[in-house]
Amino acid sequence: MGEIEDGEADNITTDVQGQKCALVCECSAPGSVSRKDNLPFLNAVLKNPVCKLYRFPTSDNKWMQIREQMSESILSFHIPKELISLQIKEDLCRNQELKELGELSPHWDNLRKNVLTHCDQMLNMYQDILTELSKETGSSFKSSSSKGEKTLEFVPINLHLQRMHVHSPRLKDALYDVITVGAPAAHFQGFKNGGLRKLLHRFEAERRNTGYQFIYYSPENTAKAKEVLSNINQLQPLIATHADLLLNSASQHSPDSLKNSLKMLSEKTELFVHAFKDQLVRSALLALYTARPGGVLTKPPSPKSGAEESSSQDPPLPMRRQDSIPHHSDYDEEEWDRVWASVGKSLNCIIAMVDKLIERESGGEGGSDSSKDVEKDSSPVDSIVTHPKEDWYEQLYPLILSLKDGMGEVVNRAKRSLTFVLLQELAYSLPQCLMLTLRRDIVFSQALTGLVCGFIIKLHTSLYDPGFLEQLHTVGLIVQYEGLLSTYSEEIGMLEDMAVGISDLKKVAFKIIEATSNDVLPVITGRREHYVVEVKVPARMFESLPLQIKEGQLLHVYPVLFNVGINEQQTLAERFGDVSLQESINQENFELLKEYCTIFMEKMPPDYISHFQEQNDLKGLLENLHQNIQAKKRKNVEIMWLAATICRKLNGIRFTCCKSAKDRTSMSVTLEQCSILRDEHQLHKDFFIRALDCMRSRQTQGALNESDDPETGCLTDNKPTSRHFYPVALLLVSSHLLVVWLILSLALLLAKYQ
């Protein structure tokens with residue numbers, strides 16, 4: 001056990017041969033120990049740091065100095081509030097679009113009214129949660145005792161940064177960060193029917209097989225409809241703005257400004273036109289046509305056989321669920337093609353006119369070949385005769401007006417048809433569909449909060465590492481989650497929630513911007529299918545970033561989850577239950593990790609890869625990890641160690657999660673820290689267990705059991721210290737020690753109270 005000493009490190013004498021290791025000092029602010037990583041920005045994101053300093057002997061009888069720091073993050077509440085605000089705006093917009101869908105047949109109109117009633121109720125729930133979160137003051141994290149509170153559902157449990165700073169006499173100083181957080185899960189919703197993984201699979205299977213009266217769209221098509229709607233809402237105002245800028249440049253008679261404005265207008269308009277090339281828009285227009293009053297029509301009688309004539313005059317059958325979009329020969333698809341193509345033609349006319357105006361201004365004769373080709377098909381341009389002395393604004397205004405009118409017609413038709421697609425998903429099962437969306441939002445909010453915290457800390461820790469910055473914008477970052485949940489009872493549902501929540505992080509991208517004020521908190525934009533987190537950094541740091549990042553390139557993350565249950569419930573699951581969920585999650589995420597490694601080796605510069613391969617056997621680590629996953633060994637903690645090692649080698653972000661981020665998480669983190677000291681910093685082999693005891697001691701770490709929970713602020717005397725419960729860690733090695741641990745723990749407790 002380590003000794004607790006007062007004073008600074010230099011004033012303490014320790015006996016290596018006597019096998020003493022010391023907690024040198026304890027402090028509440030990191031700056032009193034080391035200012036190297038005490039960045040002002042991190043002080044604005046992290047708060048209430050608790051720091052402890054140790055000295056342990058190395059294999060050559062020198063001393064290494066270790067500083068542990070645990071900090072809370074104010075993002076625990078900030079990110080959920082940002083996210084809920086976005087989701088409220090998204091749902092308000094969706095509800096308004098449903099109301100503006102136009103006149104529908106009685107069947108579809110009743111469905112719409114029912115959907116809007118439930119959507120309004122759900123929207124009120126989100127607004128109430130946001131109001132309650134805005135009232136939260138004081139603590140910057142949610143304790144495990146609050147995990148069942150409805151108003152705190154979106155907030156992660158026990159989100160903390162655990163940092164270890166190692167100063168070795170002969171090796172380079174190193175920082176090791178792990179984000180500890182409770183598993184993202186909807187605790188208030190409960191796990192009686194399982195978690196998201198099972199619920200979503202069951203929901204989709206029922207949608208496919210039901211006989212309910214609606215049109216079936218696959219999840220991919222529904223997501224595509226939301227994406228196109230989002231693109232429409234973003235591009236339409238941008239195109240209108242660039243069109244006005246073009247007219248402003250024309251009124252100023254500035255050729256250079258006119259060219260630049262035309263370039264921006266062309267780029268945005270081409271994106272707009274491209275968004276409607278998907279066949280989904282055509283089929284949605286047809287589906288909406290059939291849902292209008294009298295939309296299911298037949299063609300007028302034509303000279304056909306009597307059988308055909310009689311069949312065409314039969315009344316339409318009641319609508320039933322359809323596996324595909326209905327097709328009606330009386331619907332004119334070419335009308336949509338004409339409306340959609342008119343936007344592109346209007347843009348071509350504008351390009352041709354600008355070319356003419358600039359050509360006349362420069363005194364040239366004749367137009368370019370491309371302009372001539374466009375003019376042949378552009379009657380509006382031919383109808384307007386340009387003269388050198390005429391105002392450019394007057395020449396371009398009717399063409400810009402035509403572009404805006406055509407775009408407005410396209411947007412009007414497309415938004416209604418795609419909103420009808422979304423109505424199908426909502427109409428299928430109310431309120432089950434909305435409750436699933438709520439559950440997914442809750443789990444995603446918890447996962448995203450931890451991710452943003454980890455990304456910001458990683459960015460500022462490695463801000464001056466050229467290799468990391470190159471990897472950041474070239475490949476993206478790997479984000480590795482270490483799960484310690486069992487596959488037994490309620491924790492199965494937690495694991496199912498966690499798996500979906502972490503997988504959903506793939507739709508998150510980061511963007512680094514320069515901070516223009518003292519407010520450096522991140523800002524979230526986007527929608528449920530695609531979020532962008534804007535991370536603000538001070539001007540001095542922003543200038544040191546690569547050009548691609550400064551220009552606003554989106555930075556992507558690759559989340560992976562590896563879970564190994566380690567508690568006594570996992571012992572029951574392995575002997576009498578089912579561990580297939582854990583096995584499938586580990587196998588699926590291994591493939592994702594392998595895919596990232598392939599991209600990393602292909603896209604990073606050759607000189608970087610050659611240096612990387614000299615220092616790291618990435619291929620060997622991956623093969624070893626794959627073998628351990630396939631081995632299906634009980635409580636195979638080697639999976640966790642290998643995944644964590646690969647993550648550190650790839651400059652990734654590390655997370656450790658259990659139910660509440662307390663007992664199992666602290667055991668895993670301290671074991672990992674001591675293993676790093678042994679493998680990377682030459683910790684003396686005889687002091688591994690002593691270092692582990694020292695880090696886990698209540699005197700230095702805080703008790704890990706429920707009766708001495710640091711998050712409650714309640715510490716009592718005469719409690720058994722965590723070292724008495726150290727055999728829990730041995731469960732990582734062998735499950736057969738469970739009975740011994742139970743007997744010893746019971747004996748200690750009985751002895752205490754006698």
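## Helix α5 and what follows

Right after α5 comes His253, whose phi is positive, near 60 degrees. Helices here are DSSP runs of H or I with at least four residues, strands are E runs of at least two, and both are numbered from the N terminus. This is a predicted model, so local features need pLDDT of at least 70 and side-chain atom pairs count only at pLDDT 80 or more, while totals for chains, interfaces and linings use all residues. Residues are numbered from 1 along each chain as its sequence is written, and side-chain values use heavy atoms, with hydrogens and water left out.

Helix α5 itself runs over residues 219-251. Its 33 residues should span 48 Å at 1.5 Å a residue, and the end C-alpha atoms are indeed 48 Å apart, so the two values agree. The expected span is 1.5 Å times one less than the number of residues.

## Lys226, a residue with two partners

Which residue of helix α12 pairs with Lys226? Glu425 does: the two side chains meet in a salt bridge (3.7 Å, N to O), linking α12 (residues 392-428) to α5 across 199 residues. A salt bridge here means a side-chain nitrogen of Lys or Arg within 4 Å of a carboxyl oxygen of Asp or Glu. Glu425 counts as buried at 18% relative accessibility, whereas Lys226 is partly exposed at 24%. The cut-offs are under 20% relative accessible area for buried, over 50% for exposed and partly exposed in between, using a 1.4 Å probe and protein chains only.

Lys226 also forms a salt bridge with Glu529, with the closest N and O atoms 3.8 Å apart. Glu529 sits in the loop between β9 (523-527) and β10 (530-537), so this pair ties α5 to a part of the chain 303 residues away in sequence. Glu529 is partly exposed, at 26% relative accessibility.

## A network and a pair within one helix

Salt bridges that share partners also join Glu90, Asp91, Arg94, Asp441 and Arg528 into one network. In total, the structure holds 25 salt bridges.

Helix α3 (residues 106-135) offers a local case: Lys135 and Glu132 are three residues apart, about one helical turn. An α-helix has 3.6 residues a turn, so residues three or four places apart point the same way. The side chains of Lys135 and Glu132 meet in a salt bridge at 3.5 Å, N to O. Lys135 is exposed, with a relative accessible area of 56%, while Glu132 is partly exposed at 33%.
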